[in-house]
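Reader: I should like to learn how to read the contacts, strands and cores of a structure. Could you take me through them in turn?

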Amino acid sequence: MDSRLLFLLILLPLAGGILNACIGCRLPRRLVPLLAIGSVLGSFILSIVCWSLAAGGGTQVKLFTWLESAGLKADIGLFFDPLAASMCLMVTGVACLIHIYAAGYMARDENPARFFALLNLFVFAMLCIILADNLLLLFLGWEGVGFCSYGLIGFWYEKHENALAGRKAFIVTRVGDLFFTIALLWLFTLLGTVDIAEINQRAAELDPGLITPLVLLLLGGACGKSAQLPLMTWLPDAMAGPTPVSALIHAATMVTAGVYLLCRMFPLVSLSSVGMAVIACVGAFTALYAASCALAQREIKRVLAYSTMSQIGYMFLAVGVGSVAAAVNHLLVHAFFKALLFMGAGALIHLAGGENDIFKMGGLRKKNPLLFGLFLVGILCLAGAPLTGGFFSKDAILLATFSRGDGLSAILWGLGVFTAGLTSFYSFRLLYLVFFGESRGSKAGHHLSPLLVWTLPPLALLGLCGGLLNLPHLYGGQEMLSHWLGTVPAVVLPFVTEIGLVLLMVLSFGAGWLPAHILYRNFRGEQEAPWRQFLLQGWRFDGLYEQIILRPYRFVARFCWIAGDRGLIDGVVEGIGSTMLHWGGYFRRLATGQLSFYLQGFAWGLLLMLGWLLLKAAV
Amino acid sequence: MLASVLTEFPILSLLLWLPFAGTLLCLLLRHSALACRWLALLTTLSVLLLTVWLFACLPTESGWLLKEDYAWIPTFGIRYSLALDGISLLLVCLTALLQVAAVLISWKQKEHTALFYALVLVLETGIIGVFLATDLFLFYLFWELMLIPMLFLIGVWGHGNRVYAALKFFFFTLAGSLCLLLAIISLYLIHGEQTGIYSFAFESLLQTQLSSGMEMLLYLGFLLAFIVKVPLFPFHTWLPDAHTEAPAAGSVDLAGLLLKTGIYGLIRFAFPLFPNAAQQSLPVLAVLGLIGIFYAAWIAYVQTDIKRVVAYSSVAHMGFVILGLAAWNQLAWEGSLLLMVNHGVTTGGLFILIAMLQDRTGSRDLRVLGGMWKTLPFFSAFFLLFCLASLGLPGLSNFAGEILVLLGTFSRWPLLAALAAAGVVFSAAYMLRVVQGVLWGPLGQICKIGDKDCLHEDLDRREWLLMIPLGLLVIWLGLYPAPVLEPMRGPISLLLKAGGLP
């Protein structure tokens with residue numbers, strides 16, 4: 001098979017995006033989404049067709065050289081290996097469904113061309129990240145998804161907050177990108193290359209003392225994109241975007257780019273035990289932090305946003321304890337069920353007449369039982385109900401953490417199990433508040449377009465059966481994904497320990513579900529409490545950053561302008577000018593215009609000169 | 001055939017004097033605004049075609065590609081000598097391109113039309129002359145020749161506070177130029193005393209033996225003139241004022257071209273003539289460049305006039321360029337010069353767009369603008385594109401230059417490069433603030449009469465004609481900068497060697 005087909009894989013969405021951007025507003029309305037769906041569908045088919053190219057060592061192809069200068073050579077080149085292939089398939093598949101869903105969701109919007117152009121461009125940029133064979137091209141995709149996310153969060157730009165949320169997302173993730181850039185510069189200076197495969201291969205040559213800072217820098221980049229502590233504040237606000245965008249970008253694909261980066265660079269990352277420990281800690285603490293915030297959220301999409309953050313924390317934990325397969329497995333399964341949940345949430349908001357406060361929803365089960373069933377599947381996966389995809393993938397991560405055996409891992413494992421309980425609690429809280437009890441809302445519901453519902457079943461099926469991807473030996477599976485990715489096989493624990501851990505997971509699921517059932521099955525409203533406010537506002541990190549970063553920044557900016565440019569520099573310059581003017585004023589008085597005065601001066605001058613000459617002659 | 005044409009025909013002189021001829025014709029035809037307009041367009045277009053033709057068919061070698069050399073004032077050893085290498089070729093191309101844009105954007109110029117275009121054309125001669133002259137006297141002549149038309153462009157056709165801005169611009173650069181003149185004459189005299197041959201020719205002056213103290217002194221004279229023009233922190237305060245008050249064509253020329261003459265002077269004359277002093281100054285230049293990046297980005301963040309934001313962003317970008325030059329290696333220099341070209345295109349484009357916006361709404365104030373995407377979608381798309389290019393989005397022009405600068409600088413000064421990378425975040429902060437203020441949000445107050453929205457016309461045919469090539473150029477330079485990098489590669493390695501590699 002011609003390996004250049006891979007380029008078609010990324011160029012199709014690009015072409016779709018450019019077409020829609022340039023002539024979309026002239027095209028017939030129905031053609032715009034069709035064009036976008038078609039190009040992504042094409043990509044999806046191509047990623048299936050190209051699947052065999054990934055086997056073995058993978059395939060590397062290049063189109064042309066992007067940047068070449070002394071020692072630097074960055075191609076527009078792709079690298080298709082099992083990891084990239086799995087991601088590609090997931091991204092194009094989920095993107096395809098979400099595009100179709102979006103065709104229904106945005107059916108009445110005024111600017112479908114802009115929306116679908118950005119969505120297609122996003123898929124292009126995301127595929128760039130996944131397939132790039134060098135860090136510069138990866139960075140192109142990395143910033144590309146950032147831009148598309150910016151444009152889509154602020155898609156309804158006439159509302160000020162939407163545009164602000166977009167800008168916040170762009171800038172906060174760019175802070176992360178700064179660390180990524182520095183890592184890139186440093187790696188190039190040390191190894192003289194930006195090729196990912198080569199960097200991974202030669203990582204062992206590096207001075208061990210340098211690897212830890214490099215890994216931490218990469219982690220910084222990953223944290224920005226994946227909304228991990230401390231760069232997580234943008235994700236909840238990003239929910240201002242249209243729901244298909246939240247599903248695609250802020251749940252299934254872009255936010256997992258950080259995890260993907262760490263997996264891609266794993267040969268380098270794994271060389272630093274300190275770096276790995278930090279990654280694991282960031283993951284575990286973010287998981288806990290986000291889960292705690294999700295407990296008190298009232299907007300349906302914000303609950304899901306925090307749950308995304310929390311689940312990505314688990315993936316970071318998996319990478320940190322050295323289990324790439326578990327991370328990727330959770331990434332894939334999470335993409336399925338989280339896209340399902342978001343798309344379901346979009347449909348629910350429609351159904352509730354635009355209401356997104358879960359305290360004002362309620363009773364929607366009777367209105368659309370099918371939607372309830374699908375959403376239930378998503379919730380079960382998220383909560384880690386036994387035998388769903390989410391259960392297996394989360395279990396594998398905690399198993400891997402436990403099997404490390406050291407003190408830190410034990411603590412992180414404990415956090416992970418506790419967080420799993422919280423997850424189960426807030427998942428069911430969401431479910432009960434939205435579907436059960438009586439309707440508490442006042443808005444009249446909208447009619448649901450069939451596209452909004454019928455795109456969900458495939459995702460539900462995938463989420464439910466996601467466990468089969470990497471079914472452990474305990475259940476008679478073969479750990480397919482691990483073999484496909486060629487990663488280190490998981491440590492085999494004694495049978496009894498393993499069973500015990502599984503039972504513990506089931507227990508924590510139940511421990512979360514039961515209180516949710518008691519508290520929210522028949523919800524009558526709850527008391528305001530300071531701790532609820534604290535959690536609702538995400539531990540008030542926004543306020544903190546405002547105080548310690550934004551305010552000083554604005555102060556310095558004003559100071560530079562008023563005191564620096566206006567005061568000091570211009571002051572000096574204008575000071576010189578006005579001094580000149582001042583002295584000029586004195587000299588001007590000499591120009592009296594009286595002939596006698598000038599003659600007088602003339603005579604004095606002559607006299608002085610003569611005197612000087614005489615003096616010189618005398619000496 | 002082609003080669004003989006290129007060597008025998010004084011093509012550089014043609015390039016140089018064609019705009020000047022246009023100036024004279026403009027003055028002759030001063031009673032017909034229409035004729036002047038078309039004349040200016042034709043002249044700039046033919047210069048553009050000529051340079052593009054040169055760009056396409058000249059080989060990418062190091063050393064001079066074309067040369068002309070005639071005796072001019074033999075008594076003082078002044079020669080009329082022009083030469084073109086890969087770097088000057090690119091800069092001349094950029095000049096030719098932006099001048100066409102400058103003419104097109106001021107198409108509706110109504111006051112003193114003939115004089116306006118005459119000045120724009122004579123400015124082109126001055127700038128091309130600076131990029132071509134290899135005799136220091138001739139160079140200085142053109143250096144000053146650029147100043148006069150710019151002074152009048154700002155002072156006569158500018159906005160509100162134009163006289164202040166024009167004078168500030170004039171005196172800043174004049175003070176620098178004075179130092180340059182003194183340094184050139186001293187060098188001329190020292191060289192004459194040493195060899196008995198008095199000459200302003202750059203290649204002879206290169207041989208001058210200087211004591212280290214004298215070398216530093218003369219270098220500082222050159223340096224001051226050039227970094228005021230760049231402008232490097234803390235000599236930049238003329239730029240925001242000049243930009244803000246200048247008419248559109250003036251802003252385009254200032255940002256796109258005049259700033260580049262400073263960089264060009266540095267690498268062509270100051271560094272090679274005084275290699276040791278240059279080496280000593282590099283850390284200072286690097287730190288000043290870095291300060292410029294941050295300082296300008298901070299100030300840009302609190303401006304309300306879009307032109308001012310873009311002006312300060314120019315200062316920040318030029319800080320990047322200087323930082324790259326100070327790193328003194330092939331990678332960083334290629335990046336710096338590429339960034340210089342890219343910055344010319346993006347910032348030129350931004351000023352053009354701002355002029356269009358001001359034509360329509362009558363304002364450049366972020367506080368009263370907003371929501372333009374609703375009424376001017378095509379304009380807004382271009383505006384977004386150029387802002388993104390300016391904030392260094394990969395795949396668009398500025399990124400290619402910036403990343404090369406950073407990669408090159410990191411090997412010499414890791415800390416400075418890492419800090420400079422942080423400047424990129426800041427550029428996102430102020431550029432997105434502009435995007436926010438102009439394109440997003442509810443429609444601005446200025447665009448409303450009472451409760452009704454004003455309907456502005458989106459881009460007309462002339463404006464499409466202007467923006468499409470620039471937009472394509474931004475993407476092309478970002479995705480495939482090789483055609484621009486290749487002609488510079490040889491000359492840069494020569495310059496680095498002549499200055500003595502550290």
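**Reading contacts, strands and cores**

Author: Let us begin with the contact between the chains, in which chain A takes part with 42 residues and chain B with 41 residues. Please keep in mind that this is a predicted model.

Reader: Which elements of chain A each supply at least two residues of the side that touches chain B?

Author: They are strand 1 (59–69), helix 5 (135–153), helix 6 (160–191) and helix 25 (541–588) of chain A. Helix 6 of chain A provides the largest share of this side, with 14 residues. By character, the residues of the side of chain A that touches chain B comprise 24 nonpolar, nine polar and nine charged. As a general idea, the size of an interface is often given as the accessible area lost when the parts come together.

Reader: How does one read a contact inside a single chain?

Author: One may begin from the domains; chain A is divided into domain 1 (1–133) and domain 2 (134–536). The C-alpha centres of these two domains of chain A are 23 Å apart. Their contact draws 38 residues from domain 1 of chain A and 47 residues from domain 2 of chain A. On the domain 1 side, helix 3 of chain A gives the largest share, 16 residues. The residues of that side of domain 1 of chain A are 32 nonpolar, four polar and two charged.

Reader: Which residues touch the most other members of the largest nonpolar core?

Author: That core has 426 residues, and those touching the most other members are A:Leu131, A:Leu218 and A:Ala339. Helix 15 (residues 324–351) of chain A contributes the most to the core, 21 residues. Because domain 1 and domain 2 of chain A both give residues to this core, it lies between them. Leaving aside residues up to four places away in sequence, A:Leu131 touches A:Leu6, A:Ile10, A:Leu78, A:Phe79, A:Phe80, A:Ala84 and A:Cys88.

Reader: How should I read a pair of strands?

Author: In a regular strand the side chains alternate between the two faces of the sheet. In chain B, strand 1 (residues 66–73) and strand 2 run antiparallel and are joined by seven bridges. One pairing sets B:Tyr70 against its bridge partner B:Tyr80 in strand 2 of chain B. The two strands of chain B form a hairpin with four residues between them, and B:Gly77 in the turn has a positive phi of about 70°.

Reader: Why is strand 2 of chain B described as largely enclosed?

Author: Five of the seven residues of strand 2 (residues 78–84) of chain B are buried, so this strand is largely enclosed by the rest of the structure.

How values were computed
Residues numbered from 1 in each chain as written. Chains lettered and ligands numbered in written order. Predicted model: local features only at pLDDT ≥ 70, side-chain atom pairs only at ≥ 80, totals over all residues. Contact = placed C-beta atoms within 7 Å. Nonpolar A, V, L, I, M, F, W, Y, C, P; charged D, E, K, R; others polar. Buried ≥ 20, exposed ≤ 12 C-beta atoms within 10 Å, placed from the backbone. Pairing = 2+ DSSP bridges. Domains from an automatic or database assignment. Core = buried A, V, L, I, M, F, W, Y, C linked by C-beta atoms within 7 Å.
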